[in-house]
Amino acid sequence: MMKKIILTLLIAGMSLSFASAQSNYNTGIGFRGGLSNGLTIKHFLDSENALEGLASFRWSGYNITGLYERHATAFDSRGFNWYYGVGGHIGFWDGDENPWFDDSQSYTVVGIDGILGLEYTFEEIPINLSIDWKPAYNLVGNTGFWGDNGAFSVRFVF
């Protein structure tokens, strides 16, 4: 099932890449590394608005996140953007692998997410680097605030 979800996200992102133009890039696909690791795909709807999909892996489980983001130029530099946004997630993980819990229960969680980040897109090569903080609140399942999800992403952009 996970392979089908990732394939669907990639195909949707590639088909959307022809829909609009943005000064730095239209769509970026890459890897996200932090306390949870995974894949990222970001597509700009226009010069300030983007959609980002994340598939992350942690605690012998996975999490799928969708985000709406607003971008603005940072440091008066063409390559730098800062961004913020909101979205939601659904995840599945094993309590045995989570260091915060001492149980053997499996969890299914649904919640809301925020994101705050800074990114740089190179003009010479099709690479985008970003660093972000993505707090989340689980509304269903293991409810509560999770503020430990920060990451560094590397994307191929086109």
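What share of the contacts in the chain between residues at least 6 apart in sequence join residues at least 24 apart? It is 49%. Contact here means heavy atoms within 4.5 Å.

Some ground rules. This is a predicted model, where local features need pLDDT of at least 70, side-chain atom pairs count only at pLDDT 80 or more, and totals for chains, interfaces and linings use all residues. Residues are numbered from 1 along each chain as its sequence is written, and side-chain values use heavy atoms, with hydrogens and water left out.

Confidence comes next. pLDDT is the predictor's confidence in each residue, from 0 to 100. The chain averages 84. A score of at least 70 is reached by 79% of the residues. Helix H1, residues 2-16, has the lowest mean pLDDT among the elements, at 47. Strand E7, residues 127-133, has the highest, at 97. Over residues 4-23, pLDDT stays under 50. The model has 27 contacts beyond four places in sequence for that stretch. Where pLDDT is low, the predicted coordinates should not be read in detail.

Now the fold. We have 1 helix and 10 strands. Helices (H or I, at least four residues) and strands (E, at least two) are DSSP runs, numbered from the N terminus. The pattern along the sequence is α-β-β-β-β-β-β-β-β-β-β.

How much of the chain is buried? Of its 158 residues, 44% are. Buried means under 20% relative accessible area, exposed over 50%, and partly exposed in between, with a 1.4 Å probe and protein chains only.

Let's look at strand E10, residues 150-157. Its side chains alternate. Ala-151, Ser-153, Arg-155 and Val-157 point to one face and are buried. Gly-150, Phe-152, Val-154 and Phe-156 point to the other face and are not buried.

Which strands pair with E10? Strand E1, residues 27-34, pairs with E10 in the antiparallel sense over 7 bridges. E7 and E10 also pair in the antiparallel sense, over 7 bridges. Two strands pair if DSSP finds at least two bridges between them. Opposite Phe-152 in E10 stands Gly-33. Opposite Arg-155 in E10 stands Asn-128.

Stay with Phe-156. Phe-156 counts as partly exposed because its relative accessibility is 45%. Its C-alpha atom and that of Gly-30 are separated by 5.9 Å, though the two residues are 126 apart along the chain. Leaving aside neighbours within four places in sequence, Phe-156 is in contact with Thr-27, Gly-28, Ile-29 and Pro-126.

Compare Thr-65, in strand E4, residues 61-73. Why does Thr-65 count as buried? Because its relative accessibility is 3%. Not counting residues up to four places away in sequence, Thr-65 touches Glu-52, Gly-53, Leu-54, Gly-88, His-89, Asp-113 and Lys-134.

Last, the surface. The chain exposes about 8,300 Å², and carbon and sulfur atoms supply 66% of it. Accessible areas come from the Shrake-Rupley method with a 1.4 Å probe; for residues, only the protein chains shown count as cover.

Strands E5 (80-94), E6 (106-121) and E8 (136-140) each give two or more residues to a nonpolar patch. E5 gives the most, with 4 residues. The patch members, including Trp-82, Tyr-84 and Ile-112, have about 1,100 Å² of accessible area together. Ile-112 is found in strand E6. Ile-112 is partly exposed, because its relative accessible area is 47%.

Conventions: Patch = residues over 30% accessible without salt bridge, like charges linked within 9 Å, V, L, I, M, F, W, Y side chains within 5 Å. Salt bridge = Lys/Arg side-chain N within 4 Å of Asp/Glu carboxyl O.
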